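Hi everyone, thanks for coming. Please have the sequence and the 3D view open, and we'll walk through a few spots together.

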Amino acid sequence: MKKVVIFDTAIGTTNLGDEIILQCLEEQLAFLLDNCFLMRFSTHTKNMPLSRYFLETPKIQFSYEADFKLIMGTNLLSRNIRRTQSQWPVNRLDSWLYDNCIMAGVGTTLREGKITAYSRKIYQRILRPDFCHSVRDEESKRLLESIGFQALNTGCPTLWKMTPEFCRQIPIVKASRVVFSLSGYPPQQNRDRDADLIRILRENYQELYFWGQTSADEPYLDTFEQVGDIKRICSLKRYQDILDSGDIDYVGTRLHGGVYAMQHKVRSIIIAIDHRARGFHETNNLCICERDEIPQKLTNMIQGEIVTDIHLRQDEIDLWKSQFTKDYPKPLRKTHQSLAWVRILSFPLMSLQKIMRWRKRRRKKKA
């Protein structure tokens with residue numbers, strides 16, 4: 001039985017897009033995961049208190065012994081890890097858990113500047129050197145290759161099922177209803193263009209639904225006038241039901257909200273507000289409309305024909321997956337006590353634990 005650690009990007013997140021990515025990856029990796037014992041850690045939150053890293057625990061030892069460790073998607077890569085700690089709080093201590101990780105469909109969150117020496121060091125500590133890592137765009141591929149790792153641009157795992165046969169089942173012409181999204185994070189807001197979006201959708205559709213992909217999206221919608229009649233959706237299950245009900249389009253700024261709609265054979269237009277949607281367009285031919293072009297182009301796109309034609313990087317996808325079917329020499333399994341810091345600090349910590357247990361027994365006897 002193989003052991004696999006999943007670094008779950010859907011734990012501790014307010015963005016249901018992470019849940020969408022995780023579901024798709026687990027479906028695509030079923031050939032491996034269904035035959036392994038799985039243990040989950042979180043990427044968005046700390047996994048254990050500081051003191052636990054210095055004590056030999058079953059969780060840490062399982063991580064050392066795992067055959068594979070997978071970082072499951074989303075945009076975690078950064079050129080400056082210290083600036084993106086709120087999204088991925090990884091540091092030198094956490095590297096004990098992440099040691100020899102494999103990236104699965106990971107993207108980049110911070111584009112500006114050169115990679116810092118500290119970030120380079122963390123990646124070199126945590127990423128497995130003998131594996132090709134799966135990334136979802138060329139920018140992420142260049143980032144990993146610049147620090148010496150092999151990477152394959154497989155596109156985002158949420159698109160891997162969209163073969164030509166699948167895409168032909170997505171309608172070409174406009175539906176009578178639409179589900180739309182807005183990005184409520186302050187840096188992603190644009191009140192003028194978002195107001196144009198709502199106006200154009202009202203002019204072209206009989207019924208409007210709003211998909212709140214994050215906890216900030218619906219409060220942002222409520223800052224616009226005359227939106228009380230718009231039906232709201234904040235559950236992924238409810239969103240799936242609406243998409244499967246038929247006669248509905250998707251238009252919005254939430255990238256994975258649109259990709260999820262396409263997975264359910266819904267005609268979709270993604271409003272591009274940052275490098276991620278543009279990267280999907282460059283890599284996979286995703287249908288996008290630039291936000292600044294909403295007044296000029298969106299109406300024509302809605303009323304015209306849209307042929308969904310996702311360009312899959314099937315060779316790269318198959319090559320990345322094939323790595324998990326090979327036999328690898330068993331590495332020399334380290335133990336917790338092989339870490340120098342642990343050897344130095346474990347004795348005082350264990351002594352402190354014994355003192356605390358002794359004091360607890362004393363209090364019980366006195367009671």
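**A helix, some charge pairs and a patch**

Let's begin with helix α12, where seven of the 10 residues are buried, so this helix is largely enclosed by the rest of the structure. Before we go on, please keep in mind that this is a predicted model.

Which residues of α12 are the buried ones? They are H275, R276, A277, G279, F280, T283 and N284. If you step just past the end of α12, you come to N285, which has a positive phi, near 65°.

Now look for R278, which also belongs to this part of the chain. Its side chain meets that of E290 in a salt bridge, with 2.9 Å from N to O. R278 sits in helix α12, residues 275-284, while E290 sits in strand β14, residues 288-290, so the pair ties together parts that are 12 residues apart in sequence. Are these two partners buried or partly exposed? R278 has a relative accessible area of 35%, so it counts as partly exposed. E290 is partly exposed as well, at 24%.

Here is the general idea behind such pairs: side chains of opposite charge can pair when their charged atoms come close.

How many salt bridges does a search of the whole structure find? The search finds 23. Let me show you another one, between R40 and D8, where the closest N and O atoms are 3.2 Å apart. R40 is in strand β2 (residues 36-42) and D8 is in strand β1 (residues 2-8), so this bridge ties together parts that are 32 residues apart in sequence. The two ends have their own surroundings: R40 is partly exposed at 39% relative accessibility, whereas D8 is buried at 5%. The cut-off helps here: buried means under 20% relative accessible area, so D8 with its 5% falls on the buried side.

One more pair is R313 with E316, whose closest N and O atoms are 3.9 Å apart. R313 counts as partly exposed, with 24% relative accessibility, and E316 is partly exposed with 26%. Salt bridges can also share partners, and in this way R193, D196, R199 and E203 are joined into one network.

Next, some charges on the surface. Which residues form a positive surface patch? R82, R92, K121 and R125 do. Let's pick out R92, which you will find in the loop between β4 (75-78) and α4 (95-98). R92 is partly exposed, with a relative accessible area of 44%.

Since β4 has come up, please find S78, which is in that strand. Is S78 buried or exposed? It is buried, at 0% relative accessibility. The side chain of S78 makes a polar contact with the side chain of T84, at 3.3 Å.

Our last stop is R120, in helix α5, residues 117-126. R120 is partly exposed at 31% relative accessibility. Try finding S146 too: R120 and S146 are 26 residues apart along the chain, and their C-alpha atoms are separated by 9.4 Å.

To recap, we saw the largely enclosed helix α12, a few of the 23 salt bridges, and the positive patch that includes R92. Thanks for listening!

Technical notes
Residues are numbered from 1 along each chain as its sequence is written. This is a predicted model: local features need pLDDT of at least 70, side-chain atom pairs count only at pLDDT 80 or more; totals for chains, interfaces and linings use all residues. Side-chain values use heavy atoms; hydrogens and water are left out. Patches are made of residues with over 30% relative accessible area and no salt bridge: like charges are joined within 9 Å, nonpolar side chains (Val, Leu, Ile, Met, Phe, Trp, Tyr) within 5 Å. Accessible areas come from the Shrake-Rupley method with a 1.4 Å probe; for residues, only the protein chains shown count as cover. A salt bridge is a side-chain nitrogen of Lys or Arg within 4 Å of a carboxyl oxygen of Asp or Glu. Lys and Arg count as positive and Asp and Glu as negative; His and the chain ends are not counted. The place of a charge is taken as NZ of Lys, CZ of Arg, CG of Asp or CD of Glu. Helices (H or I, at least four residues) and strands (E, at least two) are DSSP runs, numbered from the N terminus. Buried means under 20% relative accessible area, exposed over 50%, partly exposed in between (1.4 Å probe, protein chains only). A polar contact is a pair of N or O atoms within 3.5 Å; within protein, one must be able to donate a hydrogen and the other to accept it, and residues adjacent in sequence count only if both atoms are side-chain atoms.
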